[in-house]
Amino acid sequence: MACQLPPPPESPPSAPTTIFTIGDDLLLEIFVRLPSLPALVRAAFACCNFLDAVRSSPTFCPRFRALHPPPLIGLFLKHRDGDIPSFAPVRGRADPDHAAVVRGSDFFLTRVPDDQAFWHINHCRDGYLLLHNWKTWVFVAYNPLAGVLHPIPSPPEAFRDYHILSSPEERHGSFRLVCIHEDGLQLRPVVYSSDTGEWQVFPWADAATITKDHPDDDKHFLPPTRGKLVNGRIYWISYHFLIVLDTATLQFSSMDLPPFMYGQKPFVVGDTRDEKLCVACAVDSQNLVAVWVWRADDDRVEKWMLDKEIELEDIPALKLVAVNRGSLHLHLMAIQQPDTVALCSFFSLCMETEELKRIFSLYESEIERSYPYIMPWPSSLVCSKVNPPVGSA
C-alpha cells in the first residue's frame, strides 16, 4: 500500500493592505485629491509616515497648490482707535477641516501684548499680521496659525506702505518687511530682516528715474499705498501706469496699464490662480468685470492680454477691492433705509468658474477697513533643517 504524502503546509495569510502600507507615490495621489489645504494638514499629521511623504516630495506642494487655491479663513477688521482688531471667520459651510483651523488658531490675538490695545493692522500676507501700536510706536509680526510673535524694533522713519515677504521654504519664522518711504517725488525702500533684527535703508529713487518709460507722467507721480505683491514684485497704481518694486534688487520701475475701457471703475492689481500678474476692473456701462493678464503672446512678447469678461448684475452697486490667487473680492452696498446704518455684502468671485459666493454681511465701515486672511502653505509641511524627515530623527 503506497504511503500518502502529507498535505503541503498552508501558506500564511497575506497581510491586509491598508493606507499605512501603500507606497508614498500612491499615498500622495490620494492626498492631492483632498478637497482643501486644511484637510491636507489634518491628514498629513495623522502619522509620521504621512508627514514624511508630503515633506519629502519636491513636486507635491506646487501640484497641490495648482489644484486647490489657498482658502480664505476670514476677515480681520480695523475698528476705532483703542480697539484691538477683531476677526470674522468664514461661515455657512459644513467643513470640519476649516472649522478646525479656526478653533486651533489664535485669531483673537490673545498673545499680542495688551499695551492698552492701541493696535492697528498695516498688512496681512503669508499668514502674518503686521500690527502697529500707535501709542508705543512698536511693530510686531504675528502668525495666528502658529501663535508666533516677532517684535520688530521701531523703524528709522515713517512709511507709506508695508509688505511682509515670507515663504515656507525659508528658515522657520524667517521673513523680510519691505517698507516704502516717500519724500515729495522720491521713493526709497527700507527693509527689516528677522534674521539680523536690523533695518537697512536704501538710496532714493526720484520720479523721473522711476517713470523713465513714461516721461510725460512724472507730474502725475503719486506716493504708493496698499500695493500688491505678485511673484517677488510690488505693484502700485499711479495715474494710468504702474509703479513696480523688484524685492530682489530693490529697484523701482514703471509699466503700462491695459487700455482704458469706457465706463470702467479703477483697476485693481492681483494675481491669477497660477500666480500670474493680472488687473481687473468693473465696467458699469457693460455690466461686467474685465480681467487682464500679463503674459506672452504668440510671438513671445509679454503684454497685457484681455483674459476674461465676466457678466454680473448690479455692477453700479459693486466695488472690486482685491484679486487674490484667481478670486475677485467684491463689496455690494445694500440700499440704506432712513435712520439705519447700511450693510455691505462681501463676495468672492472665482475667475475660472465664474461662481459668485456671498461670504459676509458687515457694515460698510468694517468692510472698507478689512484684511482678508488667506491660509498660507504651512512651513511644517516643508522638509528643511528645521523640519527634517521624521524617520531620520
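This report describes helix packing, strand pairing and one pocket in a predicted model.

## Helix packing around α2 and α3

Two packed helices are described by the angle between their axes and the distance between the axes. Helix α2 (37–44) packs against helix α3, residues 48–56, with the axes 8 Å apart and at an angle of about 125°. The two helices α2 and α3 are therefore oblique to each other, since an angle counts as roughly perpendicular from 65 to 115 degrees and as roughly antiparallel over 145. On the α2 side the contact involves Leu-40, Ala-43 and Ala-44, which meet Phe-50, Leu-51 and Val-54 of α3. The residues of this contact of α2 with α3 comprise six nonpolar, no polar and no charged.

Helix α3 also packs with helix α1, residues 24–31, where the axes come within 10 Å and cross at roughly 85°. Helices α1 and α3 are therefore roughly perpendicular to each other. Here Asp-24, Leu-27, Leu-28 and Phe-31 of α1 meet Phe-50, Ala-53 and Val-54 of α3, and the residues of the contact divide into six nonpolar, no polar and one charged. Phe-50 and Val-54 of α3 thus appear in the contact with α1, and they also appear in the contact with α2.

## The contact of α2 with α5

Helix α2 has a further packing partner in helix α5, residues 96–103, with the axes 8 Å apart at an angle of about 80°. That angle makes α2 roughly perpendicular to α5. From α2 the contact draws on Pro-38, Ala-39 and Arg-42, and from α5 on Pro-96, Asp-97, His-98, Ala-100 and Val-101. By class, the residues of the contact of α2 with α5 are five nonpolar, one polar and two charged.

## The sheet of β3 to β6

Four strands form an open sheet in the order β3-β4-β5-β6, and their pairing is antiparallel. Its edge strands, each of which pairs on one side only, are β3 (119–125) and β6 (148–152). With direction ignored, neighbouring strands of this sheet are turned by 25° against each other on average.

Within the sheet, β3 is joined by six bridges to the antiparallel strand β4, residues 128–133. In this pair of strands, Trp-119 stands opposite Asn-133 in β4.

## The sheet of β2, β1 and β24

A three-stranded open sheet has the order β2-β1-β24, again with antiparallel pairing. The edge strands are β2 (86–89) and β24 (370–374), each pairing on one side only, and the twist from one strand to the next averages 30°.

Strand β1, residues 72–77, pairs with β2 in the antiparallel sense over four bridges. One position in this pairing involves two phenylalanines, as Phe-76 has Phe-87 in β2 for its bridge partner.

## Consecutive hairpins of β12, β13 and β14

Strand β12, residues 228–230, pairs with strand β13, residues 233–238, in the antiparallel sense over three bridges. The bridge partner of Val-230 is Arg-233 in β13. The hairpin of β12 and β13 has two residues between the strands, and Asn-231 takes a positive phi near 50° there.

Strand β13 pairs in turn with strand β14, residues 241–246, in the antiparallel sense over six bridges. Arg-233, the partner of Val-230, has Asp-246 as its bridge partner in β14. The hairpin that β13 and β14 form likewise has two residues between the strands, with Tyr-239 in the turn at a positive phi of about 60°.

## The second largest pocket

The second largest pocket holds about 980 Å³ of space. Its lining consists of 40 residues, and those nearest its centre are Pro-69, Pro-70, Ser-327, Ser-348 and Cys-350. By class, the lining of this pocket divides into 15 nonpolar, eleven polar and 14 charged residues.

Several elements each supply at least two residues of the lining, namely helix α2 and the strands β18 (288–296), β19 (302–311), β21 (327–333), β22 (343–350) and β23 (356–363). Helix α2 therefore links two parts of this account, as α2 supplies residues to the lining of the pocket and also packs with α3, to which α2 is oblique.

Methods:
Residues are numbered from 1 along each chain as its sequence is written. This is a predicted model: local features need pLDDT of at least 70, side-chain atom pairs count only at pLDDT 80 or more; totals for chains, interfaces and linings use all residues. Side-chain values use heavy atoms; hydrogens and water are left out. Two strands pair if DSSP finds at least two bridges between them. Axes are lines fitted to C-alpha atoms, for helices over the stretch in contact, and angles run from 0 to 180 degrees between N-to-C directions. On a 1 Å grid over the protein atoms alone, a cavity is a set of points where a 1.4 Å probe fits but cannot get out, and a pocket is an open set with protein on both sides within 12 Å along at least five of seven lines; lining residues have an atom within 4 Å of a point. Grid points are joined across faces, edges and corners, and a volume is the space filled by probe spheres set on the points. Ala, Val, Leu, Ile, Met, Phe, Trp, Tyr, Cys and Pro count as nonpolar, Asp, Glu, Lys and Arg as charged, and the others, Gly among them, as polar. Angles under 35 degrees count as roughly parallel, over 145 as roughly antiparallel, 65 to 115 as roughly perpendicular and the rest as oblique. Contact means heavy atoms within 4.5 Å.
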